[in-house]
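Student: Please take a close look at one part of this model for me. I would like the nonpolar packing, inside and at the surface.

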Amino acid sequence: KIDSAGLIASTLQVVIGPVGCGLVVNRALPNLSKASRTITPLLSVLLVSMICGSIIGQMAAAVLQAGPRVLGAVSTLHVGGFFVGYWATRLCGFSERVARTCAIETGIQSAALAVVLATRHFPNPILSALPCALSTSSQSILGSIVAACWHLLPVQEEGVLTIVGSLHGEVPRKRLQTAFRYYDRNRDGALSKYDVARLLLDSYKHQKDALMALGGYALVTEEGGSLTSIFAGAHGTQALRKALVECDDKIWALRHDPSIAERFFYMLDHDHDGTLSLPDFEATAAAAIRSSLTRLYRKRVH
């Protein structure tokens with residue numbers, strides 16, 4: 001019989017406990033937290049390797065007998081995770097950057113947690129933990145291969161990022177054309193007010209992501225609500241809090257007030273004919289998007 005209460009308690013100890021300690025240290029001892037970032041990734045890799053090596057070493061005979069089959073099974077599981085995570089995201093219309101992130105998140109799981117749970121709460125601790133230990137080694141190797149391949153194939157920026165990435169000086173015409181095609185949802189050579197709303201929304205979302213990264217925080221909510229602002233208020237500077245609240249407010253307003261996108265549409269309509277064509281976009285997009293950038297983003301990020 002498996003102790004379900006023990007499983008929950010161990011999960012809290014292995015996952016929630018370290019996360020809580022990390023938040024406390026980051027809050028109370030920021031200098032120590034910043035200094036430890038250089039060694040903690042390597043330390044975690046070494047500790048997980050020692051745990052998995054111990055399991056595999058104790059079950060050397062079982063590894064030699066059934067190891068290839070188990071390794072094949074867990075490798076297939078992780079390869080499937082990378083494949084499904086990537087293509088399911090792409091088929092749903094998300095960007096290459098989001099698809100790669102989802103592929104990593106689904107292809108690599110917390111096998112170290114599985115090792116701890118198996119050794120503590122399953123009838124045959126070592127044998128039960130063997131697939132988990134092999135899974136950790138397999139996913140680490142496969143994940144490294146995937147990361148190396150994608151490093152050699154960098155993501156081509158999409159949407160507003162093609163413009164934001166070149167806002168110092170003149171934006172190359174090719175980048176403007178790429179962004180226009182990205183937002184031209186109907187593929188009719190003209191952007192609608194809905195397309196313009198998407199562009200402006202992406203601009204504020206990108207700024208919020210960049211500002212959170214600037215502050216060292218990864219907590220960014222899809223809806224742009226109060227959670228991000230509260231977190232920044234507790235941990236960030238006043239300037240960061242002000243910039244994030246501004247982005248939150250702009251995102252909320254865009255989703256509830258169509259007139260904002262309409263005004264931005266007419267700002268982009270260079271010849272004022274009521275149609276936002278590619279020549280209009282090339283003439284006005286860079287300046288219009290510059291006007292949407294928060295002061296802190298322009299000063300610290302860009």
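Tutor: Here is the packing, from one leucine outward.

This is a predicted model, where local features need pLDDT of at least 70, side-chain atom pairs count only at pLDDT 80 or more, and totals for chains, interfaces and linings use all residues. Residues are numbered from 1 along each chain as its sequence is written, and side-chain values use heavy atoms, leaving out hydrogens and water.

Start with leucine 240. It sits in helix H12, residues 238-256; helices are DSSP runs (H or I, at least four residues), numbered from the N terminus. Leucine 240 counts as buried because its relative accessibility is 6%. Buried means under 20% relative accessible area, exposed over 50%, partly exposed in between (1.4 Å probe, protein chains only). Leucine 211 lies 29 residues away in sequence, yet the C-alpha to C-alpha distance is 7.1 Å.

Leu211 also belongs to the largest nonpolar core, which has 32 residues. Such a core is a set of buried Ala, Val, Leu, Ile, Met, Phe, Trp, Tyr and Cys residues joined through side-chain atoms within 4.5 Å. Leu191, Val196, Leu211, Phe264, Leu268 and Phe281 touch the most other members. Helices H9 (173-183), H10 (193-214), H12, H13 (258-268), H14 (278-291) and H15 (295-301) each supply at least two residues of this core. H10 gives the largest share, eight residues. A second, separate core has seven residues, including Cys52, Val115, Ala129 and Cys132.

Now the outside. Leucine 23 lies in helix H1, residues 4-28. Leucine 23 is partly exposed, because its relative accessible area is 45%.
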